[in-house]
Amino acid sequence: MTSLQSSLRPVPRAAWWIINTSLAALVLYPFWVVLSQSIKSPAEAAAAPPTLFPGSFSWGNFAKLFTNENGGAGFIQQLGNSVLVSVGATLLTIVLSTLACYGFARLRFRGSNLLFFATLATFMIPFQAVITPLYLVLHQIGLTNNLLGLMLVYTTFNLPFGIFLMRNSFAALPSSIEEAALVDGCGVLRAMVRVLLPVAIPGVISTALFTFFASWNEFFAALILMTDQSKYTLPVALNVLSSGTFGTLDWGALQAGVAVTIVPCIGIYVLLQKYYVGGMLTGAMK
Amino acid sequence: MAHNTIVTARPGKSGRPSVPMRPLKRRRTLSTSRSRLGAMVVSPALILLTVFFFLPVVLMLWMSLNRWPLLGKISFIGLGNYSAAFQDQDFLRAAGFTLLYTLIMTPMLLVIGVALALLIRRPGKASRVFQSIYFLPVVVGFAAAGYLWLFMAQPNIGPMLDLLTRAGLASHSDNWFGTFATALGIVCAMVVWKVAGMQMLLLNSGLQSIPVELEEAARIDGATRTQVFRYIILPLLRPTLALLLVFSVAGSLLAFDQFYIMTSGGPANQTITAVYHIYRVSFQGFQLGYGAALSALLMIVLAIVSAVQMLILRNSDHN
Amino acid sequence: MKRTKLAAALALAASLALTATGCGAPSGSDSLQASSGGEPSGTITLWARDSQKGFMDILADAYNKSHKAQVQVTIVPSGNFVQKFGTASAGGSGPDVASIDLVYLPYFASTGVLQDITDEAAKLPYKDKLSPSHARLSTWEDKTYALPFTAEASVLFYNKELFQKAGLDPAKPPASFEEILNAAKKIRALGPDTYGFTMAGQCGGCNIFEFTPSVWASGGDVLSADGKTAKLDSPEVTKALTFYKQMHDAGVMPEAAKTDSGTAQPALVQAGKVGMVVLGAFFTQTLNTDKKIDYGIAPIPGETGGSASFAGGDNIAVTTGSKNKPAAWDFVKWATGDEAQTLLAKNSIVPVRTDLVKSVYASADPRNEIFSKALETGKTPYSVVENKLFNDNNGPWATMINEAVFGGDVQAAQQKAQQSAQQIIQTGP
């Protein structure tokens with residue numbers, strides 16, 4: 001769908017450019033703020049009123065961010081926690097949802113339909129609504145204040161989406177192809193890996209991206225479930241930075257922290273935009 | 001809002017996985033082993049969902065019938081927590097505020113989303129670039145976005161306030177977080193910045209499914225642009241709009257991060273949302289039982305929203 | 001397969017049901033004495049809030065150098081301390097030793113997460129020479145659960161340079177509401193970026209420390225002595241709130257004060273833009289390191305004179321969940337001993353020992369005299385729901401101050417807060 005009649009354009013060409021350029025500037029402005037603020041020298045970053053452009057380039061805020069040890073749990077460790085939890089939840093979600101999807105779509109068993117619908121029913125209740133008992137469950141099995149616990153929670157709440165997203169590609173595959181593989185002497189699992197997985201790849205990538213972004217950015221559960229500063233993920237680490245030490249808030253370091261939190265997401269989005277956007281449309285519209 | 005909205009996607013139309021064609025010569029043992037394998041590959045996901053989702057839901061209902069302090073003795077009090085909820089002024093105010101926020105946010109996002117979608121509906125590389133730019137904030141988390149906008153609007157040091165001051169529209173010492181209207185306004189601006197790109201994208205794909213011939217025919221018949229939009233585009237966009245409506249309603253009802261981070265519930269507790277109140281009750285007041293009762297109430301509201309979503313989508317499927 | 005799954009789910013449900021009834025802190029061994037009778041050993045963890053970061057590491061280093069047992073310090077943000085310590089204790093992942101803001105002591109003692117140290121504390125040679133307010137807060141139902149650790153007192157800081165510029169006498173700090181207001185107005189007149197006074201308008205913990213002394217010095221209180229009755233609607237509270245409201249209405253406070261959660265206030269003072277502020281002893285350390293402003297310290301006056309101070313600081317306790325209580329107790333004992341308390345004083349922290357404070361602390365700077373005096377006369381509210389009443393930034397206390405000072409109706413704000421505070425007291429922790 002690329003050819004549209006000029007008559008259908010809501011605004012004339014020049015106005016279109018002006019509006020879009022201004023809107024783009026507006027949308028990009030906050031990114032400029034976080035970037036310029038974090039590369040100012042710490043002194044300049046605290047200036048009131050603020051400078052429009054950084055007077056000089058400095059790693060000072062990042063240096064403060066990464067050397068600001070809070071009882072042995074610095075920002076580097078919290079960055080590591082974020083990577084660990086997000087990557088772990090992503091891998092786990094992919095593996096479990098691919099397996100489950102294959103089971104639901106291809107290896108049906110008694111009650112599988114019912115279970116499939118139960119899985120999808122979890123869409124209806126987001127985890128914010130069950131956080132209190134969820135905390136207690138984790139607490140009882142010793143997984144509060146535990147990165148594995150957080151990883152499993154993120155996995156659980158991204159699984160239904162992954163299953164939902166991939167089931168189309170699995171269901172659409174003609175069973176004859178799979179049978180051919182079976183006849184060729186492949187085991188069922190081998191058949192899955194050889195035949196089904198390639199079909200599912202776009203769904204897998206979309207699921208992975210969603211899970212990664214959701215886990216990387218998640219604030220509420222991490223705030224509640226993690227008690228130890230050495231276990232915090234980045235969004236909660238920002239919360240610590242913003243509460244300051246001795247009541248003094250270091251805005252330069254905080255913006256450097258925001259930059260560190262945002263940059264990986266933007267990088268991944270720019271690289272894999274196609275899958276992310278495509279997956280979102282599949283998930284929402286198909 | 002972003003990740004919740006995604007998760008609420010529609011399982012309606014083809015929710016049932018297609019039944020694979022069964023080979024005629026299949027022996028019974030193969031079938032048994034296949035279904036056994038099926039149960040096996042499905043079970044890890046189901047175990048996780050059971051432990052971290054279904055069990056908490058059941059536990060929540062049980063907890064809500066007890067006085068359940070984090071530290072100390074648990075005692076059964078029946079529906080006491082629920083009757084307390086309806087007398088809890090703080091909770092009622094939080095529920096009212098959440099409703100207000102939803103009523104403000106939803107139409108605002110829809111209008112801005114539609115406007116952006118129409119704006120980028122033009123062939124060529126430029127509009128794809130603009131589309132990517134508008135979508136960019138969607139991948140930023142609420143926490144990061146919250147701290148960024150908190151800084152931009154800070155009195156004295158905030159760059160956005162500074163720009164507006166230079167333009168003569170504000171003053172450096174203004175405190176936008178100091179009054180209810182401006183505090184809510186700045187949060188709404190942040191959420192629009194962060195979420196509108198996604199609304200735009202979904203609407204854009206809805207627009208693309210509208211046949212161009214239809215619009216052309218209408219134009220030939222002498223319809224104005226406004227009439228085309230009003231009588232052709234809008235009705236055909238209805239399912240997408242309905243979907244977005246449910247997205248932003250559910251997302252707004254669950255708002256927490258943006259208010260916790262940017263306003264801390266202030267000024268004078270006027271921006272505490274339902275989830276924020278539950279957080280305070282459960283994890284600052286340590287009254288887990290009461291928190292569970294409030295969560296159960298929230299769950300009922302969300303289930304109703306989801307049910308409405310199903311209904312709308314089912315109806316639109318028949319069109 | 002199905003059966004296994006079901007079994008797993010049942011086992012989990014059963015374990016939940018079993019443990020649900022005893023959802024308290026899991027406790028380790030109860031003895032505070034090393035079983036062998038020798039020197040305690042092993043590693044213990046200690047939690048402290050972020051404002052103690054500066055000296056906790058120094059203290060831990062000193063202990064670790066001279067002891068077989070080793071202590072590891074974890075800093076928790078002040079605002080999250082109660083939540084983090086509470087949830088961690090419930091989950092069994094709490095520390096061995098906790099340095100806790102003294103106002104929270106009654107609550108934590110009542111929930112059973114702190115070790116009863118009544119007998120051991122009574123054996124300390126300096127047991128009668130500890131800050132009385134700290135000692136009172138360490139006690140719950142006649143048992144002792146913590147030892148006083150660090151002291152803190154609220155005072156009025158004023159910028160001598162700004163006083164001079166405004167034609168005020170830097171040697172004669174204001175001693176009544178009216179004098180503060182007049183001085184603030186004169187300083188405000190110095191320039192558009194200079195303010196007479198500032199406060200943290202959205203911070204309950206800051207204001208129980210900074211604002212309550214104005215009530216006390218005027219002869220009133222915010223809570224009855226037994227902690228059972230809220231007194232937020234008392235006339236002395238009205239007077240103090242009205243006084244702050246006058247300052248706000250006169251424009252002597254920056255707009256940012258209304259939403260300050262305590263993070264903006266010190267920076268403004270450090271930058272020399274504020275004439276007067278109420279803060280604590282910890283702030284002298286900041287100002288002394290900075291050397292940017294010439295400051296004076298005065299007692300916080302009441303309506304027409306008098307003075308009062310909030311006796312704050314930390315108590316230090318052994319947790320019931322500790323797996324190494326002998327070492328934990330050894331550290332707690334050491335932290336209140338001569339060596340540690342002297343070390344604290346060297347780092348500008350007020351010691352809790354009334355027998356040491358003059359020699360090791362007050363002698364260092366004449367301005368410190370006022371803090372050591374506050375140690376003996378300072379007040380602290382005692383309540384098992386202190387956090388919900390006062391320190392909670394969305395609680396009745398913080399909300400009342402925000403609404404009264406920056407809003408319109410002082411009395412209406414008081415009525416509302418009083419009702420909600422009394423409700424919290426009745427409901428209990």
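User: What share of the contacts in chain C with a separation of 6 or more comes from residues 24 or more positions apart?

Analyst: In chain C, residues 24 or more positions apart account for 76% of the contacts with a separation of 6 or more, where two residues are in contact if their C-beta atoms, placed from the backbone, lie within 7 Å. This is a predicted model, in which local features need pLDDT of at least 70 and side-chain atom pairs count only at pLDDT 80 or more, whereas totals for chains, interfaces and linings use all residues. Residues are numbered from 1 along each chain as its sequence is written, while chains are lettered from A and ligands numbered from 1 in the order in which they are written.

User: How many helices and strands does chain C have, and why is chain C called as compact as a globular protein of that length?

Analyst: Chain C has 20 helices and 13 strands, these being DSSP runs numbered from the N terminus, with H or I over at least four residues for a helix and E over at least two for a strand. Its radius of gyration, taken over C-alpha atoms, is set against the globule rule of 2.2 Å times the number of residues to the power 0.38. For the 429 residues of chain C the rule gives 22 Å, and the value of 23 Å is close to that, so chain C is as compact as a globular protein of that length. Its C-alpha atoms fill a box of roughly 80 × 50 × 40 Å along the principal axes.

User: What makes a residue of chain C buried, and what percentage of them count as such?

Analyst: A residue is buried if 20 or more other C-beta atoms lie within 10 Å of its own, exposed if 12 or fewer do, and partly exposed in between, with C-beta atoms placed from the backbone. Of the 429 residues of chain C, 57% count as buried.

User: What makes a set of residues a nonpolar core, and which residues have the most contacts inside the largest one?

Analyst: The name is given to buried Ala, Val, Leu, Ile, Met, Phe, Trp, Tyr and Cys residues joined through C-beta atoms within 7 Å. The largest such core has 184 residues, and those with the most contacts inside it are Leu150(A), Tyr147(B) and Leu148(B). Helix α2 (residues 28-63) of chain B gives the largest share of this core, 15 residues. Apart from this core lies another, of 137 residues, including Ile44(C) and Phe331(C).

User: Why is helix α6 of chain B described as largely enclosed?

Analyst: In helix α6 (residues 142-152) of chain B, 11 of the 11 residues are buried, so this helix is largely enclosed by the rest of the structure. Among its buried residues are Phe142(B), Tyr147(B) and Trp149(B). Leaving aside neighbours within four places in sequence, Tyr147(B) is in contact with Leu238(A), Ser242(A), Leu254(A), Val258(A) and Ile261(B).

User: How do you know which domains chain C has, and how many residues of each are in the contact?

Analyst: The bounds come from an automatic or database domain assignment, which divides chain C into domain 1 (39-145 + 312-377) and domain 2 (153-310 + 383-427). Their C-alpha centres lie 27 Å apart, and the contact takes 15 residues from domain 1 of chain C and 19 residues from domain 2 of chain C. On the side of domain 1 of chain C that touches domain 2 of chain C, α17(C) gives the most, with four residues.

User: How many residues does the contact take from chain A and from chain B?

Analyst: The contact takes 90 residues from chain A and 87 residues from chain B. On the side of chain B that touches chain A, the largest share, 21 residues, comes from α2(B).
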